[in-house]
Amino acid sequence: MTTARSTPEPAAIGLDIGGGSTKLGVIDSAGGLLASRRIVLSPNADFPAILARYRTEIAALGVPDLPVGIAYPGHIDRRRALGLNSNVPALDGHPLAAALGRNERSAAILNDADAAAVAEARNHPEGRDGRMLMITIGTGIGVSMIVGGAALETAGGTLGDSGHLNLDPSGRHRCRQGCTGCLESVASAEALARDATMLAAEGSSPVLAKELHAKGSVSAEATYRAALAGDPTALDLIAAMANWFGMAVASWRASFHPDLVVFGGGLSVLGMPFVEQIRAVADARSLPFVSAHCRLTLARLGNDAGMIGAGLAALAADQEAPLHV
């Protein structure tokens, strides 16, 4: 957690809202992160409580009167500047952008996957000049496509609901938004935590069982750490996750023909070995002429991409310019 003491102009504040936490930071025009904070809200917090917390944390950054951008984990109603159908239902349909804006102007608001992709695309030639698909894995799964330097939108200010690609015929699980058998239900950070907690309770892993005993549940982050330390159960969970993503990438390739697929979010800590697991499954299932020119890699901005993209969107809106890579 850092606080900006002096901020060069132009700069903006970016909020990246997730199901588990919200990250906010001060972003300069080059996409640099000058200061940041992370907050965890009560699961039962209502809109007034969340808004009050956001205002307090923005003030704590120590840089008043900057434009604000919001990376929202759901659909965007541009006409009313509202977020909808998100994994934070307490915010849906409420005037968050208007409440956090300045000088009687609403804050910029865009889908969180698009925010992350626009920021990340600056770091890859395919993102600047070609076709880049970005997958952000957190509480949910965000999918964005960058074409010609801008995010491709098909519905609701998003690339549809591509994170809900239906893959699991067993329909064993629902995602938090109610979809049965979708990618989010089996391969999101929330799904990983659910499965790791279940296996820890069954005694499959002493490492995960210790985490369960200490914390009451096993988080995705704890599972990542266990996998990196070589725990067999955690490694099996990560391999299953890679298999689901491999199948999804094969479908996304057929639909969007990307030159590059970038993976971001908390799973970045797993490094390129995880991406290589995904690639092996995807290549085995993809159309050869589609996979031949498509590479897979990790996001260079890690978990900060959404926050940076939100700040860049705020700067673009303040200058009344379109948001491009």
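Me: Let's settle a term before we start: contact means heavy atoms within 4.5 Å. This is a predicted model, and I'd like to know what lies across what. Which strands does helix H1 lie across?

Reply: H1, residues 47–60, lies across E1, E2 (22–28) and E3. Its direction makes about 145° with that of E3. Angles run from 0 to 180 degrees between N-to-C directions, so H1 and E3 point more against each other than along each other.

Me: And what does helix H3 touch?

Reply: H3 (residues 112–121) packs on the sheet and touches E1, E4 and E7. It runs at about 95° to E7.

Me: What is the order of strands in that sheet?

Reply: E3-E2-E1-E4-E7, an open sheet of five strands with mixed pairing. From one strand to the next, the twist averages 20°.

Me: Why are E3 and E7 said to stand at the edges?

Reply: E3 (33–39) and E7 (108–111) have a single partner strand each, so one side of each has no neighbour in the sheet.

Me: What makes E1 and E4 a pair?

Reply: A pair needs at least two bridges. E1 (residues 11–17) and E4 (residues 68–72) are joined by four bridges and run parallel, so they qualify. Looking at single residues, Gly14 has Gly69 as its bridge partner in E4, and Leu15 has Ile70.

Me: What about E1 and E2, parallel or antiparallel?

Reply: Antiparallel, over seven bridges. Leu15 turns up here too, standing opposite Leu24 in E2. A hairpin of four residues makes the link from E1 to E2.

Me: What makes you call E1 mostly covered?

Reply: Buried means under 20% relative accessible area, and seven of the seven residues in E1 are buried. Ala11, Ile13, Leu15 and Ile17 point one way, while Ala12, Gly14 and Asp16 point the other way, and all are buried. That means both faces of the strand pass the test.

Me: Where does the other sheet differ in strand order, and what is that order?

Reply: It reads E10-E9-E8-E11-E12, five strands in an open sheet, and the pairing is mixed. E10 and E12 (295–298) count as edge strands, as each pairs on one side only.

Me: How do you know that E8 and E11 pair?

Reply: Set the count against the cut-off of at least two bridges: E8 (residues 131–137) and E11 (residues 260–265) have six, in the parallel sense. One of these links puts Ile137 with Gly265 in E11. Helix H10 (residues 271–285) lies across E11 and E12, at about 150° to E12.

Me: Which residues have the most contacts inside the largest nonpolar core?

Reply: Ile135, Phe245 and Phe263, in a core of 47 residues. Helix H9 (residues 232–256) gives the most to this core, 12 residues. Leaving out residues up to four places away in sequence, Phe245 touches Ile135, Ile137, Ile141, Leu183, Ala187, Phe263, Phe274 and Ile278. Another core lies apart from it, with 29 residues, including Ala11, Ala35, Leu51 and Leu100.

Me: Staying with H9, why is Ile238 called buried?

Reply: Ile238 lies in that helix. Its relative accessible area is 3%, and the cut-off for buried is under 20%, so the label fits. Beyond its neighbours within four places in sequence, Ile238 is in contact with Leu192, Tyr224, Ala227, Leu270, Phe274 and Gln277.

Me: And why is Ser251 called partly exposed?

Reply: Ser251 is in H9 as well. Its relative accessible area is 30%; buried needs under 20% and exposed needs over 50%, so Ser251 falls in between. Its C-alpha atom is separated by 8.8 Å from that of Leu165, 86 residues apart along the chain.

Me: Last one: which element gives the largest share of the lining of the second largest pocket?

Reply: H12, with five residues. E5 (75–77), E7, H3, E10 (150–151) and H12 (305–318) each supply at least two. The pocket holds about 540 Å³ of space. Of its 28 lining residues, Arg78, Ala108, Ile109, Ala313 and Ala317 are the closest to its centre.

Methods: Residues are numbered from 1 along each chain as its sequence is written. This is a predicted model: local features need pLDDT of at least 70, side-chain atom pairs count only at pLDDT 80 or more; totals for chains, interfaces and linings use all residues. Side-chain values use heavy atoms; hydrogens and water are left out. A nonpolar core is a set of buried Ala, Val, Leu, Ile, Met, Phe, Trp, Tyr and Cys residues joined through side-chain atoms within 4.5 Å. Buried means under 20% relative accessible area, exposed over 50%, partly exposed in between (1.4 Å probe, protein chains only). On a 1 Å grid over the protein atoms alone, a cavity is a set of points where a 1.4 Å probe fits but cannot get out, and a pocket is an open set with protein on both sides within 12 Å along at least five of seven lines; lining residues have an atom within 4 Å of a point. Grid points are joined across faces, edges and corners, and a volume is the space filled by probe spheres set on the points.
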